[in-house]
Amino acid sequence: MEPLYETTMINTGGRDGEVHSEDKSFSLNVKQPKQMSGEDTKETNPEQLFAAAYSACFNSALDGVLKKARVENTGRVVKATARLLKDEGDGSFKLGASIEVEFEDVDTDKAQQYVEDAHKLCPYSKMARDGIEVELKGTTK
């Protein structure tokens, strides 16, 4: 499948390092969350980055759902929560997530339907539901 868009991020130092885009338009230091490292830090972590991207993507999918339903662009807040979970199967870790959308001026049944419809469209939701294609390549200099 031909990509519509592609971007690359580069990490050095793992969870206690930095991440940046190839063109340097994005650059952040990353640090393990306090619950994993014991350090209280104001730097971001991979789970926060995932939750930020998921909430933005989901909100865009919701735009499409609301336009199709001919709903005026109602005020809303999309909250994505990422959870790092212990994988009981092999003792490693896995990612979990939840999405909560708070609407203005939309009844509860309609709000739930819009969220479920957006979940069907959002690429992050599809990845969470169906998995993601990953190409792996190890190289040397």
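## Worked exercises: helices and a small sheet

Helix 2 (46-68) and strand 5 (93-103) are among the things covering the buried residues of helix 3. Keep in mind that you're working with a predicted model. Grab the structure and let's go.

**Exercise 1.** Work out which residues of helix 3 are buried and how they are placed around the axis.

*Solution.*
- Step 1: Find the helix. Helix 3 spans residues 108-121, 14 residues in total. From its first C-alpha to its last it reaches 20 Å, close to the 20 Å expected at 1.5 Å a residue.
- Step 2: List the buried residues, that is, those under 20% relative accessible area. For helix 3 you should get A111, Y114, V115 and A118.
- Step 3: Look at their directions. They cover an arc of only 100° around the axis, so they sit on the same side of helix 3.
- Step 4: Now check the face turned away from that buried side. There you'll find D109 and K120, both exposed.
- Step 5: Finish with the N-terminal end, which is capped by D107. One of the side-chain oxygens of D107 lies 3.1 Å from the backbone nitrogen of D109.

**Exercise 2.** Describe helix 2, from what happens at its start to what comes just after its end.

*Solution.*
- Step 1: Begin at the start, where a side-chain oxygen of N45 comes within 3.0 Å of the backbone nitrogen of E47.
- Step 2: Take the length. Helix 2 has 23 residues and reaches 33 Å from first C-alpha to last, close to the 33 Å expected at 1.5 Å a residue.
- Step 3: Pick out the buried residues, which include F50, Y54, F58, L62 and L66.
- Step 4: Ask what covers them. The cover includes strand 4 (76-86), strand 5, helix 3 and helix 4 (123-130).
- Step 5: Step past the end. Just after helix 2, R70 has a positive phi of about 60°.

**Exercise 3.** Decide whether T44 is buried or exposed, and find what it touches.

*Solution.*
- Step 1: Place T44 in the chain: it lies in the loop between helix 1 (34-37) and helix 2.
- Step 2: Compare its value with the cut-off. T44 has 16% relative accessibility, so it counts as buried.
- Step 3: Look for a polar partner. The T44 side chain makes a polar contact with the side chain of Q48, at 2.8 Å.
- Step 4: Leave out residues up to four places away in sequence, and T44 touches L28, N29, V30, K31 and L49.

**Exercise 4.** Map the open sheet of 3 strands and say which strands are at its edges.

*Solution.*
- Step 1: Write down the order, 1-2-3, with antiparallel pairing.
- Step 2: Find the strands that pair on one side only. These are strand 1 (9-12) and strand 3 (27-29), so they're the edge strands.
- Step 3: Count bridges. Strand 1 and strand 2 are joined by 4, while 3 join strand 2 (residues 18-21) to strand 3.
- Step 4: Follow E18 in both directions. E18 is the bridge partner of T12, and in strand 3 its bridge partner is N29. For V19, the residue standing opposite is L28 in strand 3.
- Step 5: Check the two faces of strand 2. E18 and H20 point one way, V19 and S21 the other, and all are buried.
- Step 6: Look at the turns. The hairpin of strand 1 and strand 2 has 5 residues between the strands, and G13 has a positive phi near 90° there. Strand 2 and strand 3 also form a hairpin with 5 residues between them, where K24 in the turn has a positive phi of about 65°.

Conventions:
Residues are numbered from 1 along each chain as its sequence is written. This is a predicted model: local features need pLDDT of at least 70, side-chain atom pairs count only at pLDDT 80 or more; totals for chains, interfaces and linings use all residues. Side-chain values use heavy atoms; hydrogens and water are left out. The expected span of a helix is 1.5 Å times one less than its number of residues. Buried means under 20% relative accessible area, exposed over 50%, partly exposed in between (1.4 Å probe, protein chains only). The arc is that of the directions from the helix axis to the C-beta atoms. Contact means heavy atoms within 4.5 Å. A polar contact is a pair of N or O atoms within 3.5 Å; within protein, one must be able to donate a hydrogen and the other to accept it, and residues adjacent in sequence count only if both atoms are side-chain atoms. Two strands pair if DSSP finds at least two bridges between them.
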